[in-house]
Amino acid sequence: MAVDIVAHRYKAALDSNQMKGKKRLKQGTLQGIIDDVSKEMKMPDDFQIPRKTVINRVARGNLQVAHPGPVSPMEEIEPLLVQIALDMANVGHPLKTKELQILANASAKNTLYVPCLRRSMR
């Protein structure tokens, strides 16, 4: 999403510059846009928006991702798994990674746990 916003703003800056009869933007314009969007979206400092990706999108005319990928099959039960993990941590028994994987796999395979999980979500 952040890359989409940067691409739109960069394209707008390019168009505005061309309307003024100039061919190139000032040096650092793209980095300034990236920094502004990063601040607006409160992104962590270690997250980088690739400049090359933005430039390629603008050059191709694909400013926004048309399909962000397939929907995760775990999307339906993910909130429940997070809640279970938080509840277990709150009662003093944080789940180990392996325990959470077993719970997630059992839920995904439509075993005995699924009806129980679905009931507890209501």
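Which residue follows α3, and what is the sign of its phi? In this predicted model, local features were considered at pLDDT of at least 70 and side-chain atom pairs at pLDDT 80 or more, whereas totals for chains, interfaces and linings use all residues. Residues are numbered from 1 along each chain as its sequence is written, and side-chain values use heavy atoms, with hydrogens and water left out. Helix α3 is followed by G61, the phi of which is positive, near 85 degrees; helices are DSSP runs (H or I, at least four residues) numbered from the N terminus.

Within α3, which spans residues 51-60, the buried residues are V54, R57 and V58, buried denoting under 20% relative accessible area and exposed over 50%, with a 1.4 Å probe and protein chains only. Viewed down the helix axis, the buried residues of α3 fall within an arc of 95 degrees, so they line one face of the helix, the arc being that of the directions from the axis to the C-beta atoms. K52, A59 and R60 are exposed on the other side of α3, while the cover over its buried residues includes α1 (2-19) and α2 (29-40).

The largest nonpolar core (buried Ala, Val, Leu, Ile, Met, Phe, Trp, Tyr and Cys residues joined through side-chain atoms within 4.5 Å) has 14 residues, of which V6, Y10, L30, I49 and V54 touch the most other members. Each of α1, α2 and α3 supplies at least two residues of this core, and α1 gives the most, with five residues. Apart from neighbours within four places in sequence, V6 is in contact (heavy atoms within 4.5 Å) with L30, I33, I34, V37, I49 and V54.
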